[in-house]
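I wanted to practise looking things up in a structure. These are my notes, in the order I made them.

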2 protein chains.
Amino acid sequence: MAGSDDVVAEKGGERASDVIKTVMVVIAMQAEALPLVETLQLVEDEQATIFPKGAPWKKYSGDLDALNVHVVIPGKDKSLGVDSVGTVPASLLTYAAGVALQPDLIINAGTAGGFQAKGANIGDVYIATEFANHDRRIPIPVFDKYGVGTMEAIPAGKLIKDLKLKEGKLSTGNSLDMTLQDEEHIKANDATVKDMEGAALAYVADLLAIPLISLKAVTDIVDGNKPTVEEFLENMSMAASALSRTVPLVLKYVSGKSVADLSS
Amino acid sequence: MAGSDDVVAEKGGERASDVIKTVMVVIAMQAEALPLVETLQLVEDEQATIFPKGAPWKKYSGDLDALNVHVVIPGKDKSLGVDSVGTVPASLLTYAAGVALQPDLIINAGTAGGFQAKGANIGDVYIATEFANHDRRIPIPVFDKYGVGTMEAIPAGKLIKDLKLKEGKLSTGNSLDMTLQDEEHIKANDATVKDMEGAALAYVADLLAIPLISLKAVTDIVDGNKPTVEEFLENMSMAASALSRTVPLVLKYVSGKSVADLSS
């Protein structure tokens, strides 16, 4: 009974053949999100009742042609005032907003480190073809595979070709730096880009059976000569601009299509 | 206006002076949870509508004296069949079940590695006095502190004294092993016990303004001579038994009390 349509439907959740009407964009850092919010002329929902009282999470909503677009961000840490980066806040936000908004598609947009050995350059925007973790080491049989947690992205070959996006595997960890053990796992994950949220959001999207696309703009070359932090801070706003150009192109592209349409 | 009552209320959320009627116990591994479920004669809610369709999460509920008790576990990974350990699944489960059940208190019970240099022995059950992360390295000013994410536990001095619990700081990371960088951060966190969920659950509980207590049974001595994995597997069921004795004692103790009563 399982024809090729079923395979696509399975990868993209139950909604693969439905027309995409609502898209939720999850972005970890405010500085990554605001240029996009401005470009799309979205309006902040200041009484977002879908979030717990007192949570720093923010939601910006509006329309792009026939598409209903929500950008959600985990906001500033309540005690320290910096962006709530990393897997846990982004997962919670994606879960809560995903359950409440029931989008047809989730886009995770953000910055990433890129590996020049894999062809990455500063400013490139990658679409992730596979997700894995590099900082969940559990050296017990089967648990080791669970820790890495490799997940394939939804098939999006036509989108990638039509929008001329670069594609590569994404490896996720909760640190901005990279230890020798991280590096070993990133290599084993065959990753071109490295971020701090992607694989966790792929996990949440799978749990909610909502298809997810991950777009990552390269701020720093991990296997280059410059220190990561310096290069990251230097290229952060340039990468945010790249995202504010690419995400609307993807939104316009998916509007009126189904998830199954993105692959062929 | 801020008297000592207000300070306690702030630490324990808005519910600090309310009588504890509902407790949610979050446990990462099924083998840690089942002896407790049996001891408390809880019943599995097989149609737990509070969870997303298809999620492996499980809920067991029942009464202990006047107390309504729910044990929730993230269940077995859908693809690999092993327990969904680590910060992301436990955070999502705690968020979803916390929002739905609105417990007056969350107890995170589980196993941990202990440091003999800090006085830990195999089988000890610790209550965490402070939470921090050891695998979220973000070497940018203020982001570095956010990464560590130190949070104080709710004051529970009276509970600790009356039940003769051992107390210590808990450091959390997504790996069972410990790299040199992890070790450095665990030392900086002044931790006596090391687990894979605690600090994330303290973050979620704070987000939901629900007080949380963390009880950790020591399965292995991290700074000892035996390999962690071997020792962990060897002592796992003994630690689960220790939890199935201690958690009911804590539940009976908190029943009819307020969170504020636990400290003085």
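Entry 1: helix against helix. Before reading any angle I wrote down the cut-offs: under 35 degrees counts as roughly parallel, over 145 as roughly antiparallel, 65 to 115 as roughly perpendicular, and the rest as oblique. I also noted that this is a predicted model.

I looked up helix α3 of chain A and helix α3 of chain B, each covering residues 87-101, and found that they pack at an angle of about 40°, with their axes 9 Å apart. The two helices are therefore oblique to each other. Their crossing is right-handed. Which residues make the contact? From α3(A) I listed A:T87, A:V88, A:S91, A:L92, A:Y95 and A:A96, and from α3(B) B:T87, B:V88, B:S91, B:L92, B:Y95 and B:A96. By class, this contact has 8 nonpolar, 4 polar and no charged residues.

Entry 2: a second partner for α3(A). Helix α7 of chain A (residues 198-207) packs with α3(A) at an angle of about 25°, and the axes are 9 Å apart. That angle makes α3(A) roughly parallel to α7(A). I noted a right-handed crossing for α3(A) and α7(A). On the α3(A) side the contact uses A:T87, A:A90, A:S91, A:T94 and A:Y95, and on the α7(A) side A:A200, A:L201, A:V204 and A:L207. I sorted the residues of the contact of α3(A) with α7(A) into 6 nonpolar, 3 polar and no charged.

Entry 3: salt bridges. Side chains of opposite charge can pair when their charged atoms come close. How many salt bridges does the whole structure have? The search found 28 over all chains.

I looked up one between A:D182 and B:R137, where the closest N and O atoms are 2.9 Å apart. This pair crosses between chains, with A:D182 in helix α6 (residues 180-188) of chain A and B:R137 in the loop between β6 (125-133) and α4 (143-148) of chain B. Both A:D182 and B:R137 are buried.

Next I took A:K226 and A:E234, a salt bridge with its closest N and O atoms 3.2 Å apart. A:K226 counts as partly exposed because its relative accessibility is 41%. A:E234 is partly exposed too, at 45%.

In chain B, I found B:E130 in a salt bridge with B:K169, the closest N and O atoms being 4.0 Å apart. The pair links distant parts of the chain, from strand β6 for B:E130 to strand β8 (residues 166-172) for B:K169, 39 residues apart. Is B:E130 buried or exposed? B:E130 counts as buried, because its relative accessibility is 19% and the cut-off for buried is under 20%. B:K169, at 25%, is partly exposed. In chain A, salt bridges that share partners join A:K118, A:E130, A:K169 and A:D190 into one network.

Entry 4: backbone angles. Most residues other than glycine have a negative phi. I noted two residues of chain B with a positive value.

B:V142 is not a glycine, yet its phi is positive, about 75°. I placed B:V142 in the loop between β6 and α4 of chain B. Its relative accessibility is 35%, so B:V142 counts as partly exposed.

B:D190 has a positive phi near 60°. B:D190 lies in the loop between α6 (180-188) and β9 (193-195) of chain B. With a relative accessible area of 32%, B:D190 is partly exposed.

Definitions and conventions. Residues numbered from 1 in each chain as written. Chains lettered and ligands numbered in written order. Predicted model: local features only at pLDDT ≥ 70, side-chain atom pairs only at ≥ 80, totals over all residues. Heavy atoms only, no water. Salt bridge = Lys/Arg side-chain N within 4 Å of Asp/Glu carboxyl O. Helix = DSSP H or I, 4+ residues; strand = E, 2+ residues; numbered from the N terminus. Buried < 20%, exposed > 50% of the residue type's maximum accessible area, 1.4 Å probe, protein only. Axes fitted to C-alpha atoms, helices over the stretch in contact; angles between N-to-C directions. Left-handed = near helix turned anticlockwise from the far one by under 90°. Contact = heavy atoms within 4.5 Å. Nonpolar A, V, L, I, M, F, W, Y, C, P; charged D, E, K, R; others polar.
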